[in-house]
Amino acid sequence: MSGSPTRRDLDPEAVRHYVAASLGPAVDVADCGPLTGGGFAAVWWVRLADGRDVVLKVGPPPHVPLLRYERDMIGAEARYLRLVAVRAPTVPSPALLHHGRHGELGDWLLTERLPGRTLWDLTLAGADVAALRAEFGLALAALHAVTGDRYGYDGGRAAASTWREAYTAMVDDLLADTADWAVPLPAPASRIRELVARHAAVLDRVRRPALLHFDGWAGNVLAVEGPDGTPRLSGLVDGERYLWGDPLLDLVSPLLFRRAEDEPDDPLLRAYRTVAPFPWDAGVRRRLGLYRLYLYLLMTVEMPSRAITAETDPGRVALQAELLDAELADLAG
């Protein structure tokens with residue numbers, strides 16, 4: 001079994017079925033296997049008989065309950081990939097080969113498979129990733145140059161004509177999910193809403209809905225070895241959580257469990273600010289705190305839907321509670 005209820009259990013025969021539904025029955029699968037790292041969708045690498053390497057991503061079964069922002073996430077990734085291909089072509093992203101939706105097969109994507117190892121793996125291996133992180137920062141700046149016509153998510157999910165309203169609606173949706181799933185939080189939902197409302201005026205500084213990836217943790221950044229042997233950016237993958245809003249929101253996941261304002265000399269931040277400068281003032285710091293609150297709230301609320309509990313993964317549950325509590329304490333201070 002997959003562990004996470006949202007992640008389908010696939011086998012090679014099912015993979016062949018999805019590939020045939022995507023590319024036609026004449027396209028054969030030479031080999032395939034699961035990729036690890038995510039909990040939402042089933043993701044498999046596939047080597048086609050013609051030599052092409054592709055990735056199959058299959059969404060949850062239709063009967064599985066989802067968080068509100070997760071509705072149509074496979075379709076959202078297809079829309080993201082089309083957007084990037086046309087409006088931010090310098091951002092290395094996989095080409096979308098097919099987006100399918102059919103009955104019990106559900107939603108699925110077939111994309112090209114980009115080469116490289118993840119930034120996560122390289123960091124654990126002790127590689128020099130400074131240049132890679134700088135390239136990642138420049139890629140985010142290029143992505144953020146794309147402007148939308150509304151803030152928040154698409155597809156009928158939380159969105160609004162101002163960033164303050166969109167962010168508030170996004171938090172409200174997560175708190176509604178918290179009630180649905182009976183997720184314990186370090187503070188009552190009413191207290192979280194009160195703290196968000198207390199500081200929400202700072203979000204009015206955002207006047208342009210930028211295209212955001214919003215899942216730029218190190219496992220979604222790919223790199224290949226450059227001519228000098230140092231890792232160079234080859235891909236930014238898993239754009240299913242994309243939305244429109246404040247570019248600063250996209251600087252939280254790349255420094256996961258850290259505080260960007262405490263590390264202004266991080267190579268990613270330094271490179272990003274050469275293209276899209278911003279001051280380290282009180283307003284920026286407060287916005288970053290609100291965005292960490294949102295990310296840690298999301299990561300907390302999604303745990304039951306992924307079958308993560310204090311019994312199955314006590315360390316993660318404790319860490320998320322600690323991080324969320326710290327951000328709430330900071331907002332309350």
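Which residue is the bridge partner of Thr118 in β10? In the predicted model examined here, that partner is Leu222. The pairing belongs to a sheet that is described below, after an account of the overall fold.

The protein contains 9 helices and 12 strands. Its C-alpha trace extends over about 60 × 50 × 40 Å along the principal axes. For a chain of 333 residues, a compact globule would be expected to have a radius of gyration near 20 Å, and the value of 20 Å found for the protein therefore agrees with that expectation.

An open sheet is built from 3 strands, arranged in the order β6-β10-β11 with antiparallel pairing. Strands β6 (117-118) and β11 (231-236) occupy the edges; each has a single partner strand, so one side of each lacks a neighbour in the sheet. Strand β10, which comprises residues 221-225, runs antiparallel to β6 and is joined to β6 by 2 bridges. Arg117 has Ala223 as its bridge partner in β10, while Thr118 is matched with Leu222.

On the other pairing, β10 and β11 are linked in the antiparallel sense by 5 bridges. Within this pairing, Val224 has Arg232 of β11 as its bridge partner. The two strands form a hairpin in which 5 residues lie between them. Gly229, located in the turn, adopts a positive phi of about 90°. As a general feature, the side chains of a regular strand alternate between the two faces of the sheet.

A helix also packs on this sheet. Helix α4, spanning residues 130-144, touches both β10 and β11. The direction of α4 makes about 35° with that of β11.

Packing between helices is illustrated by α6 (residues 189-199) and α9 (residues 314-332), whose axes are 10 Å apart and meet at an angle of about 50°. Because this angle falls neither under 35 degrees nor within 65 to 115 nor over 145, α6 is oblique to α9. The crossing of the two helices is left-handed. On the α6 side, the contact is made by Arg191, Ile192, Leu195, Arg198 and His199. Helix α9 contributes Leu328, Leu331 and Ala332. Classified by residue type, the contact of α6 with α9 has 5 nonpolar, 1 polar and 2 charged residues. The charged class includes Arg191 and Arg198 of α6, and the polar residue is His199.

Note on methods. Residues numbered from 1 in each chain as written. Predicted model: local features only at pLDDT ≥ 70, side-chain atom pairs only at ≥ 80, totals over all residues. Heavy atoms only, no water. Axes fitted to C-alpha atoms, helices over the stretch in contact; angles between N-to-C directions. Helix = DSSP H or I, 4+ residues; strand = E, 2+ residues; numbered from the N terminus. Left-handed = near helix turned anticlockwise from the far one by under 90°. Contact = heavy atoms within 4.5 Å. Pairing = 2+ DSSP bridges. Rg over C-alpha atoms; globule rule 2.2 N^0.38 Å.
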